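Biologist: Could you take me on a close look at a single part of this protein, starting at one strand and following the chain onward? I'd love to hear what surrounds it.

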Amino acid sequence: MASTVFIAGATGAIGARLTPLLVSRGYRVFGLTRSAEKAPALLAQGAVPMVGNVYDTPALTQMMRAARPDAVIHMLTDLPPGLDPSKMAEAVHRNARVRAEGTASLLNAAREAGVGVMVAESIAWVYRKSDRLPYTEESALDTAATGSRGVTMAGVIALEQAVMNTPGLRGVVLRFGQLFGPGTGAPDATGKTLPLHVDAAAWATVLALEAQRPGIYNIVGPNAEVSAEKARRELQWTADSGPPRRA
């Protein structure tokens with residue numbers, strides 16, 4: 001089991017719930033954030049703050065070598081608070097860049113630091129439309145998507161292929177559903193076809209880290225479209241498993 005973890009995106013919606021959870025389980029946590037103003041919050045959660053830019057690979061490598069983590073958790077996104085619709089058109093491109101270039105930078109730094117495990121955040125609404133429901137991890141992806149969905153799919157595919165195909169790395173990709181709960185901008189699951197409480201996402205990350213079973217897993221709450229059976233079977237995860245949810 002990994003004892004030292006480097007979380008990229010430690011102050012994001014999932015990262016903010018995951019960090020104290022890992023600390024409570026005895027992990028030493030290094031948390032990467034772009035903002036120095038968020039460092040005190042990480043300290044208060046028991047983590048070691050690392051302030052930097054994921055695109056600065058040399059500096060990131062230096063940080064990771066100093067931390068000497070057993071595993072890296074990739075929770076980086078670049079989205080507006082509450083998924084503000086007026087800002088999403090531009091954010092789609094930034095977020096795709098994080099998934100492609102940011103992931104490549106993280107992987108380079110991890111490789112230079114001798115890290116052997118990466119758990120990375122992806123999304124579950126990636127499947128090509130089909131009548132064969134529910135979709136599983138083996139279902140075809142929507143590679144022919146155009147417009148903003150095409151931009152999103154290109155970023156997702158780049159992330160997943162990099163994490164799963166880097167030599168010497170045990171890669172785990174978690175395809176999360178649509179988040180709700182504290183810090184997500186959505187207080188409940190209203191209107192979400194693939195609902196997932198943010199604490200259920202954090203708990204899935206803990207289980208994936210500790211199981212270290214390389215692969216891709218759908219992490220979604222009850223729905224008729226996407227199956228989370230593989231996560232239940234191999235990670236012992238369900239949408240209502242884990243510690244009691246915090247406000």
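Modeller: Happy to; here is a walk from strand β1 to its neighbours and on to the helix that follows. Do keep in mind that this is a predicted model.

Let's begin with β1, which spans residues 4-8 and is mostly covered, with five of its five residues buried. Its side chains alternate in direction: Thr4, Phe6 and Ala8 point one way, while Val5 and Ile7 point the other way, and all are buried.

β1 pairs with two strands. One is β2 (residues 28-33), which runs parallel to β1 and is joined to it by five bridges. Within that pairing, Val5 has Val29 of β2 as its bridge partner. The other is β4 (residues 71-74), again in the parallel sense, this time over four bridges. Here Phe6 is the residue to look for, as it stands opposite Val72 in β4.

Now follow the chain to helix α1, residues 13-24. Together with β1 and β2, this helix makes a right-handed β-α-β unit.

Helix α1 also has a helical neighbour, α6 (residues 198-211). The two axes lie 9 Å apart and the helices pack at an angle of about 55°, which makes α1 oblique to α6. Their crossing is right-handed. If you want to find the contact on screen, pick out Ala13, Ile14, Arg17, Leu18, Leu21 and Leu22 in α1. They meet a set of α6 residues, including Val198, Ala202, Trp203, Val206 and Leu209.

Notes: Residues numbered from 1 in each chain as written. Predicted model: local features only at pLDDT ≥ 70, side-chain atom pairs only at ≥ 80, totals over all residues. Heavy atoms only, no water. Buried < 20%, exposed > 50% of the residue type's maximum accessible area, 1.4 Å probe, protein only. Pairing = 2+ DSSP bridges. Right-handed = clockwise from strand over helix to strand, strands pointing away. Axes fitted to C-alpha atoms, helices over the stretch in contact; angles between N-to-C directions. Parallel < 35°, antiparallel > 145°, perpendicular 65-115°, else oblique. Left-handed = near helix turned anticlockwise from the far one by under 90°. Contact = heavy atoms within 4.5 Å.
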